[in-house]
Amino acid sequence: MKYYGFWRSLAACRVRIALALKGINAEEISVNLMQGEQLKPDYRAVNPLAVVPSLVLDEGGTPLFESMAIIEYLDETRPQPQLLPRDPKGRARVRGLAQIVACEGHPLLVPRVRNYLEKVLNVDEAARTKWCQHWLMEALMAVESHLAKEKETGRFCHGDSPTLADICVTTQVFGARFFNCDTAPVPTVMKIFEQCMKIEAFDKSHPLKQPGAPRELKH
């Protein structure tokens, strides 16, 4: 099993956490997004959109792509620990919380968007940082609104064990910290984040604990 990721990628981090929770060993191959390695033909042959993560299950097999699809595949084929509830309503809630991050917030932060802002629209670094801070917190505050008032919230986003929602929310908090966001407005999110970080699979998957990560992060 080969897993294509990058230390800084929040989407890749989601899959890294899921692999760790499931106890699955995969060879991680770094695709340096900051140096444009994702644009090279050999990686486009794996993922035509030139993004990470991608997961190759066997030699010559069709790669899996998109973090949410990969994680659901892992959950369906390695059901313990379970990352989606058994009941349809619970699954819908967990998927909804996860998608606030993965589908609404995070896509506005990825390198190809920031590069477009810089190189095509001539948006300077300070403005790009404000852009990222805004969309990071928009997603987290929407999640907070659900978590703070809904009875299904427990020690984690849904009940008392981590789910797909916790994986996505945790990585969004990583992003918020990268961009020096004030997370005081999302106390429920942060309480759950701290619970997640007590779990080894979350802690060891932190972007700054990966090979190639710098000691100090620059935007």
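A salt bridge here is a side-chain nitrogen of Lys or Arg within 4 Å of a carboxyl oxygen of Asp or Glu, and in this predicted model that cut-off decides how Arg128 is to be read. Arg128 is buried yet has no salt bridge, for the nearest side chain of opposite charge, that of Glu118, is 4.1 Å away, and therefore falls outside the 4 Å limit. The residue belongs to helix H6, which runs over residues 125–149, and its side chain reaches the backbone oxygen of Val123 at 2.8 Å. Once neighbours within four places in sequence are set aside, the contacts of Arg128 are with Arg114, Leu117, Glu118 and Val123.

Helix H6 also holds Trp131, whose relative accessible area of 29% makes it partly exposed. Not counting residues up to four places away in sequence, Trp131 touches Leu108, Val113 and Leu117; Leu117 is also among the contacts of Arg128. From C-alpha to C-alpha, Trp131 and Leu109 are 8.2 Å apart in space, although 22 residues separate them in sequence.

From here the reader can turn to the nonpolar interior. The largest nonpolar core has 62 residues, and those with the most contacts inside it are Leu140, Val143, Leu164, Ile167 and Val189. Helix H7, spanning residues 164–178, gives the most to this core, contributing nine residues. The surroundings of Val189 can be followed residue by residue: leaving aside neighbours within four places in sequence, Val189 is in contact with Leu140, Val143, Glu144, Leu147, Val169 and Val173.

The strands form a separate topic. Four of them make an open sheet in the order E2-E1-E3-E4, with mixed pairing. Strand E2 (27–30) and strand E4 (64–65) stand at the edges and have a single partner strand each, so that one side of each is left without a neighbour in the sheet. Strand E1, residues 2–5, pairs with strand E3, residues 54–56, in the antiparallel sense over three bridges, and the bridge partner of Lys2 in E3 is Val56.

Returning to charged side chains, the model contains eight salt bridges. One of these joins Lys22 to Asp75, with the closest N and O atoms 2.5 Å apart, and this pair links distant parts of the chain, since Lys22 lies in helix H1 (residues 10–22) and Asp75 in helix H3 (residues 67–77), 53 residues apart. Both Lys22 and Asp75 are buried, as is Arg128, which has no salt bridge.

A further salt bridge runs between Glu194 and Arg177, where the closest N and O atoms are 3.6 Å apart. Glu194 lies in helix H8 (residues 187–196) and Arg177 in helix H7, so the pair ties together parts that are 17 residues apart in sequence. Glu194 is partly exposed, with a relative accessible area of 39%, and Arg177 likewise counts as partly exposed at 45% relative accessibility.

Lys209 and Asp203 also form a salt bridge, their closest N and O atoms being 2.8 Å apart. Lys209 counts as partly exposed at 47% relative accessibility, and Asp203 is partly exposed too, with a relative accessible area of 30%. Finally, salt bridges link Arg93, Glu150, Lys151 and Glu152 in a network.

Definitions and conventions
Residues are numbered from 1 along each chain as its sequence is written. This is a predicted model: local features need pLDDT of at least 70, side-chain atom pairs count only at pLDDT 80 or more; totals for chains, interfaces and linings use all residues. Side-chain values use heavy atoms; hydrogens and water are left out. Helices (H or I, at least four residues) and strands (E, at least two) are DSSP runs, numbered from the N terminus. Buried means under 20% relative accessible area, exposed over 50%, partly exposed in between (1.4 Å probe, protein chains only). Lys and Arg count as positive and Asp and Glu as negative; His and the chain ends are not counted. A polar contact is a pair of N or O atoms within 3.5 Å; within protein, one must be able to donate a hydrogen and the other to accept it, and residues adjacent in sequence count only if both atoms are side-chain atoms. Contact means heavy atoms within 4.5 Å. A nonpolar core is a set of buried Ala, Val, Leu, Ile, Met, Phe, Trp, Tyr and Cys residues joined through side-chain atoms within 4.5 Å. Two strands pair if DSSP finds at least two bridges between them.
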